[in-house]
Amino acid sequence: MHNIDIRPEIIDRVMKRRGRLHLYEHLDPRKTALVVIDMQNTFCEVGAPAEVAQSRGIVPYINALTPKLRELGVPVIWMLHANTHFKGRSDWDLFYNYIVAGDIRDRTIQSNAPENQSVYSELQTAAEDMVMVKNRYSALIPGSSPLERVLRSLGVDSLLIAGTKTNICCESTARDAMMMDFKVTMLSDCCAALSDEEHRAALENIVQQFGNVMSSTEVVERLQKAKS
């Protein structure tokens with residue numbers, strides 16, 4: 001887990017702008033869902049082509065969080081990344097032709113094949129959880145996944161974001177969620193990036209413009225208070 005805090009000057013800036021740190025002080029478990037982004041072998045496994053070593057460090061925190069959320073009736077959604085390929089073409093050619101290259105490109109194509117996706121084995125899932133696939137960084141950009149439709153059908157208006165990378169897929173999803181009128185909370189101890197600096201930069205972006213940044217313990221306390 002990243003052992004960092006949002007810088008005091010960022011907190012001061014937020015307080016001067018709106019007079020409070022958190023955009024949303026109250027969380028209703030009946031309208032909240034946890035979305036765990038990309039906690040799969042491509043990112044979590046040692047030696048994987050897109051390995052985020054810190055992702056393994058947040059596994060205990062996610063495993064401690066999810067049972068408490070299930071008890072509160074909060075849906076747990078595992079969002080996995082996958083891209084299809086056929087005769088040298090992909091459903092995301094720009095990424096595979098420009099963002100990655102050489103051996104990394106070939107290994108990533110294979111690793112991201114839909115048939116290879118499952119939740120990382122060290123994470124504890126439940127039969128009631130939902131597993132979905134996205135094909136872009138953001139799970140909410142049009143065409144990426146069925147996430148928005150599912151959330152709307154469940155009456156969810158508040159999202160808890162966990163997973164990896166904090167500053168890429170988690171932040172992209174969080175930004176889109178806010179602009180689609182979902183109340184976003186990024187879970188600081190349940191997200192992982194390649195470095196402390198990238199993780200902190202993403203959290204500071206979110207807290208200033210897009211939503212809450214809280215620990216999983218803080219979130220559970222607020223949900224339990226709302227339930228009682």
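This is a short tour of strand S6, its partners and the nonpolar cores around it, in a predicted model.

**Stop 1: S6.** Start by selecting residues 158-164, which form strand S6. Here 7 of the 7 residues are buried. Turn on the side chains and you will find two groups: Ser158, Leu160, Ala162 and Thr164 point one way, while Leu159, Ile161 and Gly163 point the other.

**Stop 2: the neighbouring strands.** Now add residues 32-37, strand S1, which runs parallel to S6 and is joined to it by 6 bridges. To line the two up, look for Leu34, which stands opposite Leu160. Next, add strand S7 (residues 183-192), also parallel to S6 and joined to it by 6 bridges. Your marker for this pair is Ser158, with Lys183 of S7 opposite.

**Stop 3: the crossover.** How does the chain get from S6 to S7? Select helix H8, residues 166-179: together with S6 and S7, H8 makes a right-handed β-α-β unit.

**Stop 4: the largest core.** Select Met79, Leu147, Leu151, Leu159, Ile161 and Met186, the residues with the most contacts inside the largest nonpolar core, which has 31 residues. Among the elements giving two or more residues to this core are S1, S6, H8 and S7, along with helix H1 (8-18) and helix H9 (196-210).

**Stop 5: Met79.** Zoom in on Met79 and show its surroundings. Beyond its close sequence neighbours, Met79 is in contact with residues including Val35, Val36, Ile37, Met132, Val133 and Leu147.

**Stop 6: another core.** Finally, select Leu69, Leu160, Met214 and Val219. These belong to another core, of 29 residues, lying apart from the largest one.

How values were computed: Residues numbered from 1 in each chain as written. Predicted model: local features only at pLDDT ≥ 70, side-chain atom pairs only at ≥ 80, totals over all residues. Heavy atoms only, no water. Buried < 20%, exposed > 50% of the residue type's maximum accessible area, 1.4 Å probe, protein only. Helix = DSSP H or I, 4+ residues; strand = E, 2+ residues; numbered from the N terminus. Pairing = 2+ DSSP bridges. Right-handed = clockwise from strand over helix to strand, strands pointing away. Core = buried A, V, L, I, M, F, W, Y, C linked by side-chain atoms within 4.5 Å. Contact = heavy atoms within 4.5 Å. Lists of a residue's contacts leave out its neighbours within four places in sequence.
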